[in-house]
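Welcome, and please open the model in your viewer with the sequence panel beside it. We will go from one selection to the next, with a short look around at each stop.

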Amino acid sequence: MTRLPPWPQWLRWTAALAVGTGAGYACMLLRTPIPWMLGPLFSLALLRVLGVDIAAPPPARYTGQWIIGTALGLYFTPHVVREVAGLWLLLAAGALFAIALGYISGVALARLAGLDRTTGIFASVPGGAAEMATLGERFGGRMDRIAAAQSLRILIVVAIVPGAITALDIHGSEPYVQGATAFDARGFALLMASTLAGSAVFQWLKMPNAFVLGSLAVAIPLTAAEVDWSAMPAVVSNAGQCLLGCALGSRFQPDFLRGAHRFVGAVALTVVLSIVLSAVFGAGLAWSAGLEPATLVLGTAPGGIAEMCVTAKVLQLGVPLVTAFHVTRLVVLLLATPMVFVRARRWYRGRKGGGGQ
């Protein structure tokens with residue numbers, strides 16, 4: 001049987017973006033939560049697992065993150081910055097909880113999937129997928145399993161959390177609006193060029209999620225200083241979500257489910273456990289501080305920074321606070337995870353009389 005030649009690269013990219021855009025539009029018509037991210041993500045993931053040779057172009061992820069980071073930064077008006085700064089104890093509590101959650105889920109994953117604990121823990125810590133895979137490999141974990149689990153974690157969280165909030169008809173009451181209220185072509189070009197420069201600097205410094213954090217690092221100070229060059233057009237925001245959804249869906253490989261049913265099942269179970277524990281913790285934190293429970297549930301959810309903040313934006317649930325929670329968590333996890341892991345492994349080995357993880 002003659003084997004068909006592989007698609008040209010440009011055709012694979014074009015097909016992926018066309019499928020993602022069509023799926024996003026269909027989800028918008030069906031009024032699903034965060035349609036421009038969910039549609040592309042699930043359609044591309046399904047097609048790739050089925051063996052269809054399409055994938056988003058490499059710049060799609062970075063472009064989507066750049067647009068989303070810029071849009072989120074426009075919410076940090078002077079009033080919002082003061083308000084969020086006054087909640088630093090909640091942000092610290094959320095970051096510490098994320099560390100504990102990663103270890104609880106990681107140990108459970110290792111036992112359920114038959115993995116070593118190093119792989120289980122780094123596969124479960126809700127930090128950046130690429131960063132956790134790299135750190136896990138440094139400590140002897142399986143990079144392929146960590147990367148696969150992290151991708152599946154984001155998929156499951158994005159599938160469950162926005163849908164659950166929408167099904168419960170939960171809406172926030174925080175009056176957060178972007179600093180700029182009108183679109184200005186020249187101002188918009190200047191804004192995007194500035195945030196792109198910030199993203200490039202963060203990428204050069206090899207920072208995690210460089211295009212999200214770099215854009216935020218420029219857009220937040222500008223908005224806080226009331227330098228309101230332009231609002232973000234909805235079509236551009238939707239395009240950013242679509243590109244990010246296509247990039248996330250493209251992570252999945254045709255052999256993702258082949259011979260790995262126990263692993264996939266264990267990841268799914270532990271991610272659902274993480275979602276439940278995070279929701280309980282977030283609701284409790286909100287009750288103690290007198291804030292909207294749904295906002296802090298999103299703020300503590302074990303999803304990616306871009307995905308959860310887009311959910312907050314679309315559902316109008318305290319965008320700045322959710323963003324602050326996830327940025328704080330990401331920074332703390334990346335800095336603290338290696339140190340905590342080394343101490344935890346030393347303690348475990350000592351308790352087991354020198355046994356390994």
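Before selecting anything, consider the chain as a whole: among contacts between residues at least 6 apart in sequence, 76% join residues at least 24 apart. Keep in mind that this is a predicted model. Switch to a cartoon view and you should find 15 helices and zero strands. Of the 357 residues, 53% count as buried.

**Stop 1: helix 2 and helix 11**

Select residues 35–49 for helix 2 and residues 234–249 for helix 11; their axes come within 7 Å and cross at roughly 25°. That angle makes helix 2 roughly parallel to helix 11. The crossing here is right-handed.

Now show side chains. On the helix 2 side, pick Trp36, Met37, Pro40, Leu41, Leu44, Ala45 and Arg48. They meet a set in helix 11 that includes Asn238, Gln241, Cys242, Leu244 and Leu248. Coloured by class, the residues of this contact between helix 2 and helix 11 divide into ten nonpolar, four polar and one charged.

**Stop 2: helix 3 and helix 9**

Next, select residues 59–73, which form helix 3, together with residues 185–204, which form helix 9. The two pack at an angle of about 120°, with their axes 10 Å apart. This makes helix 3 oblique to helix 9. Their crossing is right-handed.

Helix 3 brings Tyr62, Trp66, Ile67 and Thr70 to the contact, while helix 9 brings Leu191, Met192, Thr195, Leu196, Ser199 and Gln203. By class, the contact of helix 3 with helix 9 has six nonpolar, four polar and no charged residues.

Stay on helix 3 for a moment. How many of its 15 residues are buried? Eleven are, so helix 3 is largely enclosed by the rest of the structure. Among the buried ones are Ala60, Gly64, Trp66, Ile68 and Leu72. If you like to check geometry, place a distance label between the end C-alpha atoms of helix 3: they are 21 Å apart, which agrees with the 21 Å that 15 residues should span at 1.5 Å a residue.

**Stop 3: helix 5 and helix 12**

Select residues 88–113 for helix 5 and add helix 12; the axes come within 9 Å and cross at roughly 155°. The two helices are therefore roughly antiparallel to each other. This crossing is right-handed.

Helix 12 covers residues 261–289. Its 29 residues reach 42 Å from first C-alpha to last, close to the 42 Å expected at 1.5 Å a residue.

For the contact, show Leu90, Phe97, Leu101 and Arg111, among others in helix 5, and Arg262, Phe263, Leu277 and Phe281, among others in helix 12. By class, the contact of helix 5 with helix 12 has 16 nonpolar, five polar and two charged residues.

**Stop 4: Thr270**

Finally, zoom in on Thr270, which lies in helix 12. Is Thr270 buried or exposed? Thr270 has a relative accessible area of 4%, and it is buried. Leaving aside neighbours within four places in sequence, Thr270 is in contact with Ser105, Ala108, Leu109 and Leu112. Other buried residues of helix 12 to highlight include Val267, Val271, Ser274 and Ser278.

To finish, follow helix 12 to where it ends: next comes Gly290, whose phi is positive, near 70°.

Definitions and conventions
Residues numbered from 1 in each chain as written. Predicted model: local features only at pLDDT ≥ 70, side-chain atom pairs only at ≥ 80, totals over all residues. Heavy atoms only, no water. Axes fitted to C-alpha atoms, helices over the stretch in contact; angles between N-to-C directions. Helix = DSSP H or I, 4+ residues; strand = E, 2+ residues; numbered from the N terminus. Parallel < 35°, antiparallel > 145°, perpendicular 65-115°, else oblique. Left-handed = near helix turned anticlockwise from the far one by under 90°. Contact = heavy atoms within 4.5 Å. Nonpolar A, V, L, I, M, F, W, Y, C, P; charged D, E, K, R; others polar. Expected span 1.5 Å × (residues − 1). Buried < 20%, exposed > 50% of the residue type's maximum accessible area, 1.4 Å probe, protein only.
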